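I have a new structure open today and a fresh notebook page beside it. Come along while I look things up, one spot at a time.

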Amino acid sequence: MKFKEKIKKSFVEYRLLYYFIFSSIINATMLRCFTVFNYFSLRPFIADLGIIFLFSALSFLVKEKNKNKYFLILTIISVVMFIVNSMYYTFYKSFASVSLLATSVFVVDVGDAIVENVVQIKDLIFLWQLIGLIILLKYEKKNQIKDKTYKVNKKLSKKFALGFLVCLLIVVAISKPSDYARFTKEWNRKGMVINFGIYTFQINDIIQSLRPQLNNIFGHDVAYRKTVDFYDEHGYESTKHEENIFTNVFEGKNLIVIHAESLQTLAMKQEFNGKEVTPNLNKLAREGIFFSNFYSQVGVGTSSDAEFTFSTSMMPSSNGTVFVNYYDREYVTIQKLLKEKGYYVFSMHGNTGSFWNRDVMHKNMGYDVFFDKDHYVIDETIGLGLSDKSFFKQSTEIIKNIKDSYDGPFYANLITLTNHTPFSDVDLLDELDTTLKVNIDGQIVERDYIDGTVLGNYFRSVHYEDAAIGEFILELDEAGLLENTVIVIYGDHDARIGEEYYNYFYNYDPYTDTVLNSNDEGYILYNEYTYELDRKVPLIIWTKDKEYNMEIDTPMGMIDVMPTLGNMFNFYSKYQMGYDIFSVKDNMVVFSDGSYLTDKIYYNAQKEEQFPISATAINEEYITKRSEYADKLIEISNYIITYDLIKEIENGRN
Ligand code: GP9
Ligand code: MN
């Protein structure tokens, strides 16, 4: 029989198996194309094919009566994996980990935000694989076709197992040592999919997610040793006493921190029709100390990661989230250090206390009280809950009562809520005219170019958040709460708006009502790196007592805030992993996936690519040294969190 005939016959006889193989590799490749765009990369394709061959080999060992179940269960798991990762990538530009299952309970609370803002047709397209399988099974049953796939066939099983090994050898042959390191770096999810495909990533992720439980027995000593060595080597003690112009300037003053939901620095630079999007924040930035090159470094824990890193100067967990998975560990926090100095320390947030497990974690971080939704009159709801304006007004009363009843200083941390994705409750927000007006042949033409888009809604929502903060400052002043008080405002993370919206925004030409491209004059380069740099958030330190009129554009991360405030308020944590921005030289901002920013480059650790920030030439050693430091910082921070090492070190290792 001719080869062609043979293949055709085989397709008919093993149609169920062939369907499984082709539908799986098509969906896996499609997911990579919709996310990391490495369309024709050979290695992940072969890695995916190898895993599919492995499950095909196993299928020939499954009894006939269980065969349907086997393929159905496998296909359902695969399709769910594709859909979840496709959605997750839209929101986090990374891939989902099973360690986040515990965190998924909070997705329900922001469910409408996710559905409205994240779920797209491209996410549901993967369902075809399951629908096709059901149709095929029904067709074969209806026509009593006995597909040879149903037979137990050890010979074929061995052949597919061999196929898996061949794929494995090819992948090994075309990989380099640094690629393997990704298998143990839970923060390298994107890099794992780019290099080894979604199946290998997800299987490895399950193993890694079990690692803390497994390694608690085996890896603990190594983690302890490496952590102590890290601190010895990086000599944080030395940074503790570096005097500078801000040393102890705020000691004993009240501290009010505003955790500004989804506030991005780019919004502070926008003006539409002569009206600033954030006039109040811009005024505070001008009068105070404005850190204009500041990044929040969050992982999947978003708001809660920002709170954690702000309070501890440690990187967020790469395996789950601290607030949900590691809430019971011991941490040295700003809260605890200020309490030791006689401060009354409390947090305030208009959402349910259980969101992000705050009602548990805030106590563990050292807050005396957490004023959650139950402490407020929900008299105005916008987006996820109590409006910021009402939240701030009611909070001022609470702070006033605390100030009047407690004779020491206080530290209040207020977490805003209104400016939260999908920013769709715009009808409840103040107007913001974002139309562009241009004169074309003597006619004034109005262009509603972002009106009603998620970016247009975002600017309007930030405009509201800014107005609310402006009102809050006034209310504090009227209540006499600004004297001897320092206000710190930070954006907790970017608004998670897609790159395409910014490219449109920056390159829209109102005269032609078109979007400029790289061939057009006036085009502004907008790519994944400019997008990453646009994810910066503001940090503002302001006090009514003195004008500083300073802007600091040194690259700074949330991890550096505790050391910087510690120098100002005279507190210090020997576990802080960041630096006082007014003493550090050549600072770098490490992101939760191992990428980093310096004053010379942005380095993407997932793709091992660099994007120049300055014209200064750098060598390979510059990259190697900083990449190793970035990985070490994340690794040690995860060790401390996973193994609760602060408690061990503080209590003297037995
Ligand atoms: C939820 C609010 C938003 O209470 O802090 O959290 P996020 O979705 O930004 O992590
Ligand atoms: Mn947030």
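These entries go through a metal site, two helix pairs, some backbone angles and a few single residues.

**Before starting**

I remind myself that this is a predicted model.

**Entry 1: the manganese site**

I began with a simple question: which residues coordinate the manganese ion (ligand 2)? I found Glu-261 (OE), listed twice, together with Ser-303 (OG), Asp-492 (OD) and His-493 (NE2), at 2.1 to 2.6 Å. Next I looked up how these donor residues are spaced in sequence, and the pattern reads E-x41-S-x188-D-H.

I then placed two of them. Glu-261 sits in the loop between strand S1 (254-260) and helix H14 (265-268), while Ser-303 belongs to helix H16, so this pair ties together parts that are 42 residues apart in sequence. Are Glu-261 and Ser-303 buried or exposed? Both turned out to be buried.

What do the angles say about the arrangement around the manganese ion (ligand 2)? I noted six donor atoms, and the angles they subtend run from 54 to 165 degrees, which makes the arrangement irregular. For my own orientation, ideal angles for six octahedral donors are 90 or 180 degrees.

**Entry 2: helix H16, a little further along**

Since Ser-303 had led me to H16, I stayed with that helix. Thr-302 is also found in H16, and its phi caught my eye: the angle is near 35 degrees, a positive value in a residue other than glycine. Thr-302 has a relative accessible area of 10%, so I wrote it down as buried.

I then asked how H16 packs against helix H24. H16 covers residues 302-312 and H24 covers residues 561-569; their axes are 6 Å apart and meet at an angle of about 40 degrees. That angle makes the two helices oblique to each other. On the H16 side I listed Phe-310, Ser-311 and Thr-312, and on the H24 side Val-561, Met-562 and Leu-565. Sorting the residues of this contact gave me four nonpolar, two polar and no charged.

**Entry 3: helices H2 and H4**

For a second helix pair I turned to H2 (residues 15-34) and H4, which pack at an angle of about 10 degrees with axes 11 Å apart. Why do I call them roughly parallel? Angles under 35 degrees count as roughly parallel, so H2 and H4 get that label.

I copied out the residues that meet. H2 brings Leu-16, Leu-17, Phe-20, Ser-24, Asn-27, Ala-28 and Leu-31, and H4 brings Asn-68, Phe-71, Leu-74, Thr-75, Phe-82, Asn-85 and Ser-86. My tally for this contact is eight nonpolar, six polar and no charged.

**Entry 4: Ser-99**

I followed the chain into the loop between helix H4 (64-92) and helix H5 (105-109), where I found Ser-99. Its relative accessibility is 11%, so Ser-99 counts as buried. Which residues does Ser-99 touch, leaving aside neighbours within four places in sequence? The contacts are Ser-209, Asn-319, Gly-320 and Asn-325. I also looked at Asp-205: it lies 106 residues from Ser-99 along the chain, yet their C-alpha atoms are separated by 8.2 Å.

**Entry 5: Tyr-224**

Tyr-224 is in helix H12 (residues 220-234). Its relative accessibility is 13%, so I marked Tyr-224 as buried. I noted Ile-640 as well, 416 residues away along the chain, with 8.1 Å between the C-alpha atoms of the two.

**Entry 6: Asp-379**

Is Asp-379 buried or exposed? At 53% relative accessibility it counts as exposed. I located Asp-379 in the loop between strand S7 (369-371) and strand S8 (381-382). Beyond its neighbours within four places in sequence, Asp-379 is in contact with Leu-386, Ser-390 and Gln-394. Phe-391 is twelve residues from Asp-379 in sequence and 9.4 Å from it in space, C-alpha to C-alpha.

**Entry 7: two more backbone notes**

I looked up the peptide bond from Thr-421 to Pro-422 and found it cis, with omega near 10 degrees. Pro-422 is in the loop between strand S10 (410-415) and strand S11 (436-440).

My last stop was Asn-549, whose phi is near 45 degrees, a positive value in a residue other than glycine. Asn-549 lies in the loop between strand S16 (539-543) and strand S17 (550-552). With a relative accessible area of 49%, Asn-549 went into my notes as partly exposed.

Conventions
Residues are numbered from 1 along each chain as its sequence is written. Chains are lettered from A and ligands numbered from 1 in the order in which they are written. This is a predicted model: local features need pLDDT of at least 70, side-chain atom pairs count only at pLDDT 80 or more; totals for chains, interfaces and linings use all residues. Side-chain values use heavy atoms; hydrogens and water are left out. Axes are lines fitted to C-alpha atoms, for helices over the stretch in contact, and angles run from 0 to 180 degrees between N-to-C directions. Helices (H or I, at least four residues) and strands (E, at least two) are DSSP runs, numbered from the N terminus. Angles under 35 degrees count as roughly parallel, over 145 as roughly antiparallel, 65 to 115 as roughly perpendicular and the rest as oblique. Contact means heavy atoms within 4.5 Å. Ala, Val, Leu, Ile, Met, Phe, Trp, Tyr, Cys and Pro count as nonpolar, Asp, Glu, Lys and Arg as charged, and the others, Gly among them, as polar. Donors are N, O and S atoms within 2.8 Å of the metal (3.2 Å for Na, K and Ca); water is not among the atoms, so sites may look incomplete. Four donors count as tetrahedral if all angles lie between 85 and 135 degrees; four count as square planar and six as octahedral if opposite donors are over 155 degrees apart and all others between 65 and 115; anything else is irregular. Buried means under 20% relative accessible area, exposed over 50%, partly exposed in between (1.4 Å probe, protein chains only).
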